[in-house]
Amino acid sequence: MSSSSVYISAPPPLVWVAATVVSSTPSSATVTVISPHPASTVLDDSDSTATLLQTYAAGTTHTVSLASYPNSSLPLRNSSDDGSLLVLPDLISLPHLHEPGILANLSSRHAASQPYTACGDIVLAVNPYQWLPDLYSADVKAAVNHERVFASPSAPPPATPSPPHIYATSAQAYADLLRSGAHQSILVSGESGAGKTETVKLLMSHLAEIGLPPAASSEMSPVVRRVLDSNPLLEAFGNAKTSRNDNSSRFGKYTQLQFAPPAPGGGTIELVGSKCEAYLLEKSRVAGAAEGERVYHVFYQLLAAPEEVKGGVWEELKGLSGGDFAYVGEEGVGAIIEGETDAAKFERTVAALDTLGVGEEARRDLLRGICTVMQFGNVSFAAVDDGSAVSAPAALASLASLLGVPAAPLEKALTHRTVVARSDKYEVPLTMDAAGEGRDAFAKELYQRLFLWLVATINSATSAPEPPRSAPKLGVIGLLDIFGFESFKTNRFEQLCINWCNEKLQQKFTVDVFRSVVQE
Ligand SMILES: Nc1ncnc2c1ncn2[C@@H]1O[C@H](COP(=O)(O)OP(=O)(O)OP(=O)(O)O)[C@@H](O)[C@H]1O
């Protein structure tokens with residue numbers, strides 16, 4: 001092993017360090033650290049990182065035990081002829097494929113503003129956290145489209161193939177649908193904040209315009225506009241700021257883009273609609289958020305709307321802010337999410353509702369529903385002899401007027417549960433805590449129903465009508481964007497569901513990849 005370039009592992013956060021072997025025995029190796037190296041990038045600015053960096057500074061020598069490395073040997077570094085790190089656009093071409101090799105390749109490309117790397121047919125994206133306009137230019141799209149969709153399958157491959165890109169995935173799905181007519185699916189997976197939602201939006205816009213003639217793509221058709229406008233709307237109601245992502249999707253989304261059957265004689269296929277299925281909305285977020293996080297964006301958007309608009313939704317909302325609602329709170333009010341204020345986002349939400357055909361009255365009802373959910377949180381309870389009673393009568397009266405019911409039966413419903421035994425019904429008083437839990441459950445369910453109503457409304461505005469039985473079927477490209485794996489200070493039932501779902505998808509992916517390798 002002497003004088004080869006390797007990686008040694010150091011305690012996190014400095015996970016892997018590139019080094020040169022100076023001497024070795026069967027059980028240990030003495031190495032000199034090479035620096036700088038992308039795989040030894042500092043992950044945070046804590047004191048422990050600084051100490052580690054000092055310990056593993058370039059030129060320092062370390063003797064490591066080989067026992068903890070697979071096959072008792074240090075992972076070899078991918079090196080070019082001149083000794084520098086070998087960085088390739090496709091991981092599969094790397095001579096040594098292991099964790100530090102993959103990390104070094106991905107981080108070197110990321111540092112060079114190349115966030116996409118191929119791994120065979122799969123595209124790996126490392127979130128650039130800054131808009132790289134050249135990466136999504138019309139020229140990039142045209143090159144990928146030509147290569148994957150428009151070039152004849154029998155044409156020789158281009159001398160310099162386009163670099164790895166998510167557009168290659170969308171173009172390939174489009175080409176396969178066009179050529180075979182078989183439905184396609186693109187699975188976007190990664191940890192929370194990895195960039196899945198942004199990737200899906202980029203894929204969607206690309207898929208929407210591949211089939212259009214170049215001149216037409218600058219003028220969006222009403223169908224495409226509706227399909228793309230459904231994204232900010234779903235984000236307003238289904239996304240929130242978490243400790244990992246300012247615009248985290250708190251639900252899973254499977255969007256089916258529908259394409260018209262190809263015209264006789266081939267050509268292209270055109271986007272004619274979309275249909276979205278939503279899964280597992282994080283209901284617990286309705287009744288408050290952890291420190292530093294927010295409840296759903298739409299709450300803040302509505303509270304940031306012009307006073308006359310707020311008054312038009314609910315007279316009492318005028319002049320109120322987050323701090324006036326127990327579920328919302330003052331924290332997070334005025335946050336700038338993705339460079340835009342909540343007031344600006346509210347305008348976008350209203351415009352998107354408009355595009356999707358939600359009229360003024362339905363919009364008012366929807367926003368009144370949001371007020372109702374918020375107002376639920378202001379109804380507090382006090383313990384009384386035989387159970388609990390509402391201790392905020394004014395808040396109860398407001399809630400009753402929003403719901404359009406009298407206050408007395410509403411109080412009864414919130415402070416009692418009904419037990420049915422055979423043909424008899426009993427009203428059992430609830431303790432103060434149980435009444436609070438029931439109130440929150442009511443608000444969460446109401447929000448979920450508003451959300452599902454919105455999804456159904458979006459679908460009815462965007463779905464293409466099914467062609468008659470005798471006619472060719474619509475082609476579908478499905479895009480799955482589920483919330484990524486997450487681990488917070490306090491993990492709830494939702495985290496269990498989210499992480500379980502991610503594990504299952506990962507398992508499916510692994511099984512499918514192994515199956516395809518076995519078949520080849
Ligand atoms: N291609 C990109 N270019 C520039 N910035 C990006 C890109 N992808 C993601 N981002 C940035 O990263 C943030 C997080 O991305 P995104 O919301 O897509 O993550 P996610 O994987 O969907 O997270 P979650 O699972 O929490 O919903 C975005 O708000 C955006 O600021």
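Start at the ligand: 21 residues surround it, and Gly 195, Lys 196, Thr 197, Glu 198 and Ser 248 come nearest. Keep in mind as you look around that this is a predicted model.

**Stop 1: the shell around the ligand**

Select the residues around the ligand and colour them by type. You should find five nonpolar, 12 polar and four charged residues in this shell. Which element supplies the largest share of the shell? That is α5, with three residues. Both α5 and β9 (248-249) supply at least two shell residues each.

**Stop 2: an annotated stretch**

Next, select residues Gly 190, Glu 191, Ser 192, Gly 193, Ala 194, Gly 195, Lys 196 and Thr 197. The UniProt record, an unreviewed entry, annotates these residues as "binding site".

Zoom in on Gly 193, which sits in the loop that joins β7 (184-188) to α5 (196-210). Is Gly 193 buried or partly exposed? Gly 193 counts as partly exposed because it has 18 C-beta neighbours inside 10 Å, and a residue needs 20 or more to be buried. Setting aside neighbours within four places in sequence, look for the contacts of Gly 193 with Asn 127, Arg 244 and Asn 245.

Now move along to Lys 196, which is found in helix α5. Lys 196 has 25 other C-beta atoms within 10 Å, so this residue is buried. Not counting residues up to four places away in sequence, Lys 196 touches Val 188, Ser 189, Gly 190, Asp 481 and Gly 484.

**Stop 3: helix α4**

Select residues 166-180 to see helix α4. How far apart are its end C-alpha atoms? They are 21 Å apart, which agrees with the 21 Å that its 15 residues should span at 1.5 Å a residue. Highlight the buried residues of α4: Ile 166, Tyr 167, Ala 168, Thr 169, Ser 170, Ala 171, Ala 173, Tyr 174 and Leu 177. After α4 comes Gly 181, with a positive phi near 80°.

**Stop 4: helix α13**

Jump to residues 432-462, which form helix α13. At 1.5 Å a residue, its 31 residues should span 45 Å, and the end C-alpha atoms are indeed 45 Å apart. The buried residues of α13 are Ala 435, Arg 439, Ala 443, Tyr 447, Leu 450, Phe 451, Leu 454, Val 455, Ile 458 and Thr 462. What covers them? Show α6 (222-238), β11 (271-279), α10 (360-376), β12 (381-384), β13 (387-390) and α12 (407-415), which are included in the cover over these buried residues.

**Stop 5: Ala 104**

Go to helix α2 (residues 99-111) and pick Ala 104, which lies within it. Ala 104 counts as buried because 24 C-beta neighbours fall inside 10 Å. Then draw a distance from Ala 104 to Leu 86: these residues are 18 apart along the chain, and 9.2 Å separates their C-alpha atoms.

**Last stop: the whole chain**

Zoom out until the full chain is in view. How many helices and strands does the chain have? There are 14 helices and 16 strands. The C-alpha trace spans about 85 × 65 × 50 Å along its principal axes. Of the 520 residues of the chain, 33% count as buried. Among contacts with a separation of 6 or more, 64% are between residues 24 or more positions apart.

Finally, colour the chain by pLDDT. The mean is 90, and 95% of the residues reach 70 or more. For the complex, the predictor gives an ipTM of 0.99 and a pTM of 0.90.

How values were computed
Residues numbered from 1 in each chain as written. Predicted model: local features only at pLDDT ≥ 70, side-chain atom pairs only at ≥ 80, totals over all residues. UniProt positions renumbered as here; feature names shortened; annotations may be inferred. Helix = DSSP H or I, 4+ residues; strand = E, 2+ residues; numbered from the N terminus. Buried ≥ 20, exposed ≤ 12 C-beta atoms within 10 Å, placed from the backbone. Contact = placed C-beta atoms within 7 Å. pLDDT = per-residue confidence, 0-100. Near = placed C-beta within 6 Å. Nonpolar A, V, L, I, M, F, W, Y, C, P; charged D, E, K, R; others polar. Expected span 1.5 Å × (residues − 1).
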